[in-house]
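Welcome! Below are some short exercises, each with a worked solution. Take a look at the structure first, then try each task before reading on.

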Amino acid sequence: MEFRARFAPSPTGQVHIGNIRTAIFNWLATRHNKGTFLLRIEDTDLERSTQDAIDKLLDCMKWLGLDYDEEIMYQTRQSDLHKQAAKKLVEQGSAYPLNPAEEHSPILFRLPYECDGMKFVRQVGRVRLELAPGSAVQLNQAGVVYQTVSPKGKTVENAATLAGFKDLEILGADGSVLFRLDETTRGQLPSNPQEKMTVENAAALSFVRREVFYHDLVKGDLAKPLDSMKDFIIVRSDGSPVFHLANVYDDMQQRVTHIVRGDDHVENTYRHLFLFEALGFTPPQYAHLPMIVNKAGKPYSKRDGDAFVGDFREKGFLPQALFNYLSLLGWSPGDGREKMSKEELVEAFTIERALRSPAQFDMAKLTNMNALYIAELPEEEFRRAIGPYLEKFCLEAVGSPLLDQVAALMHSRTKTFADVAHWNYFFRSAEKLEYDAKALKKFLSDDMIRRSVSEFAEILETLPERCSAAEIESKIRAVEEKYGIPQGKLNQPLRIAVTGSTIGAGIYETIELIGSAESALRIRKALERKAE
RNA sequence: GCCCCUAUCGUCUAGAGGCCUAGGACACCAGGUUUUCAUCCUGGCGACACGGGUUCGAAUCCCGUUGGGGGUGCCA
């Protein structure tokens with residue numbers, strides 16, 4: 001069977017990891033099934049949709065390798081077709097204006113009373129609903145409004161579509177039938193939504209409950225009582241079609257067979273099923289993905305500035321790492337594999353294995369995975385990849401003859417490319433070097449250490465500019481021996497003096513790269529600084 | 001309020017009635033390798049939300065409670 005899925009974002013800002021995760025799952029499911037992956041830009045919210053957002057979206061998709069197969073569909077360009085569809089729905093009685101008297105009225109979709117034949121509707125049985133004593137029930141062809149008493153004793157108003165109340169009987173306190181809904185009386189109900197027929201002194205509602213049901217590929221069997229639903233707006237008062245109509249129409253036109261989208265659309269599905277039916281189409285298969293939540297366990301909001309795909313790129317994450325990580329949020333291959341190539345993911349991915357509950361985004365795990373991907377980068381590629389980050393975070397390194405060697409030395413220590421910000425001590429002159437004051441105090445206070453470090457600096461000055469790490473080590477050992485300092489004790493003080501920091505690559509290699517004279521200079525500076 | 005969904009270590013997850021004394025990964029802690037850091041290796045800490053059922057047997061099935069999320073007439 002043909003498999004056609006789509007990613008249908010609305011371009012109203014930055015691309016969010018939740019959105020892109022939906023795109024990834026769609027893409028994986030499609031590629032796994034050798035289907036067609038479509039991209040549709042749902043830009044019908046004219047107020048908030050921008051070209052800039054569209055550009056960013058396309059950029060993110062390209063970065064992550066989410067390629068699509070057919071022309072991009074822009075929903076605004078479908079507008080006329082949507083309006084025609086709305087007109088057709090009104091003509092066939094599937095939709096009606098909220099205010100027939102007004103020229104500009106929203107159009108509502110009518111949940112059909114005659115729906116027992118539909119594949120996604122089933123009867124649950126006759127139910128009885130107690131009303132607030134002596135309350136009135138209002139009804140028309142759009143729906144029923146009635147009062148019930150909440151557990152706390154408050155009277156609350158309920159409204160639902162007429163279709164929710166098959167064979168409705170409004171009962172009085174004595175059990176008498178005040179009103180019975182049948183073919184004849186249904187025709188007599190006001191067709192104008194603004195007009196209502198009122199039944200006074202009602203005590204209970206009795207009706208055959210029906211529910212809408214469907215099988216969700218990830219959430220399983222889902223159902224919702226029809227009497228908890230209302231007719232819904234499909235055309236705004238300004239004549240523009242809303243999401244429900246546009247979305248369903250376009251899915252229909254693009255012959256989408258599988259809709260993979262966020263959890264927040266589950267409730268829409270019950271309505272869309274009827275829309276497909278009214279438009280004469282078989283509904284597609286649905287799969288609703290749980291949301292991704294932030295560190296606080298809450299859904300990401302626009303305020304969570306660190307959840308945009310573009311930010312991950314800027315922070316130095318590899319697209320394949322982000323892709324891999326995101327694919328594991330709410331899905332797993334089931335065999336314990338985590339680090340997987342795109343090909344392996346495509347091979348293993350089935351939407352049915354997606355989880356039903358929300359997943360929390362974990363920066364630490366992403367970072368770990370990114371480090372794994374960086375580590376396996378060939379040296380040459382690593383050098384190429386850090387380029388843009390050097391320009392941003394470590395300008396001194398750009399063009400330096402030392403760069404390649406520094407990169408090789410620091411490769412295994414790089415978790416995100418933004419880490420190159422810590423490389424500047426290799427390239428910065430002694431004057432500009434920044435020192436970790438605490439470490440300086442800790443490792444360069446002892447007199448014996450200071451004298452020996454100073455002596456090592458003197459030795460360095462006599463050495464050739466590029467001296468091997470092994471040679472440097474032997475010189476350090478010699479100084480340690482002379483002063484009776486335990487082997488290796490000088491490493492850390494020297495590291496502070498030369499790099500300003502307690503962490504970094506091997507100090508011998510570091511001195512080798514920085515050069516004898518420059519290293520000696522730095523040691524002297526550090527000693528001066530401490531002396532101040 | 002009403003409707004829908006959901007609940008395994010701090011986090012991501014394995015688990016589809018006996019293979020579970022609940023497995024893996026990240027994080028964390030301890031030890032080892034290493035001149036520090038990172039890598040790598042070993043070990044440790046650590047969970048089936050709660051209460052009822054069903055069953056010879058439940059993390060797995062059912063009901064309830066609680067927590068979380070979503071929806072609830074002109075956002076998508």
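**Exercise 1. Find which residues come nearest to RNA strand B, and describe the surface around the strand.**

Keep in mind that this is a predicted model.

Step 1: Begin with the residues around the strand. There are 58 of them, and Leu108, Ile233, Arg236, Gly330 and Arg413 come nearest.

Step 2: Ask which parts of the RNA the protein meets. Of the atoms of RNA strand B that come within 4 Å of the protein, 67% belong to sugar and phosphate.

Step 3: Sort the surrounding residues by character. The surface near RNA strand B has 22 nonpolar, 18 polar and 18 charged residues.

Step 4: Locate the elements that supply this surface. Those giving at least two residues each include strand 12 (220–225), helix 5 (243–253), helix 6 (266–278) and helix 10 (363–375). Strand 12 has the largest share, with four residues.

**Exercise 2. Work out which atoms of RNA strand B are approached by Arg48, Ala223 and Glu267.**

Step 1: Take Arg48. One of its polar side-chain atoms is 3.1 Å from a sugar or linking oxygen of RNA strand B.

Step 2: Turn to Ala223. Here a backbone N or O atom lies 3.5 Å from a sugar or linking oxygen of the RNA strand.

Step 3: Finish with Glu267. An N or O atom in its side chain is 2.9 Å from a base nitrogen of RNA strand B.

**Exercise 3. Give the strand order of the open three-stranded sheet, and explain which strands stand at its edges.**

Step 1: Recall how sheets are held together. Strands pair through backbone hydrogen bonds, in either a parallel or an antiparallel way.

Step 2: Read the order. The sheet runs 4-5-13, and its pairing is antiparallel.

Step 3: Count partners. Strand 4 (95–97) and strand 13 (232–235) each have a single partner strand, so one side of each has no neighbour in the sheet, and these two stand at the edges.

Step 4: Add the geometry. Direction ignored, neighbouring strands in this sheet are turned by 40° against each other on average.

Step 5: Zoom in on one pair. Strand 5 (residues 107–109) and strand 13 run antiparallel and are joined by three bridges. In this pairing, Phe109 stands opposite Phe232.

**Exercise 4. Decide whether strand 2 is enclosed or open to the outside.**

Step 1: Count the buried residues. In strand 2 (residues 36–41), six of the six are buried, so the strand is largely enclosed by the rest of the structure.

Step 2: Look at the side chains. In a regular strand they alternate between the two faces of the sheet.

Step 3: Check that pattern here. Thr36, Leu38 and Arg40 point one way, Phe37, Leu39 and Ile41 point the other way, and all are buried.

Step 4: Find the partner. Strand 1 (residues 4–7) pairs with strand 2 in the parallel sense over four bridges, and Phe7 has Leu39 as its bridge partner.

**Exercise 5. Check the length of helix 15 against what its residue count predicts.**

Step 1: Compute the expectation. Helix 15 (residues 447–462) has 16 residues, and at 1.5 Å a residue it should span 22 Å.

Step 2: Compare. The end C-alpha atoms are 23 Å apart, which agrees.

Step 3: Look at the start of the helix. A side-chain oxygen of Asp446 comes to within 3.1 Å of the backbone nitrogen of Met448.

Step 4: See what is hidden. Among the buried residues of helix 15 are Ile449, Val453, Phe456 and Leu460, along with the charged Arg450 and Glu455.

**Exercise 6. Classify three loop residues, Asn294, Lys34 and Arg255, as buried, partly exposed or exposed.**

Step 1: Asn294 lies between strand 16 (292–293) and helix 7 (309–314). Its relative accessibility is 9%, so with a cut-off of under 20% Asn294 is buried. The side chain of Asn294 reaches the backbone nitrogen of Ala296 at 2.9 Å.

Step 2: Lys34 sits between helix 1 (17–32) and strand 2. At 75% relative accessibility, Lys34 counts as exposed. Phi of Lys34 is positive, near 50°, although this residue is not a glycine.

Step 3: Arg255 belongs to the loop between helix 5 and strand 14 (258–262). With a relative accessible area of 44%, Arg255 is partly exposed. Arg255 is another non-glycine residue with a positive phi, about 55°.

Notes. Residues numbered from 1 in each chain as written. Chains lettered and ligands numbered in written order. Predicted model: local features only at pLDDT ≥ 70, side-chain atom pairs only at ≥ 80, totals over all residues. Heavy atoms only, no water. Near = heavy atom within 4 Å. Polar contact = N/O pair within 3.5 Å; in protein donor to acceptor, adjacent residues only side chain to side chain. Pairing = 2+ DSSP bridges. Axes fitted to C-alpha atoms, helices over the stretch in contact; angles between N-to-C directions. Expected span 1.5 Å × (residues − 1). Buried < 20%, exposed > 50% of the residue type's maximum accessible area, 1.4 Å probe, protein only.
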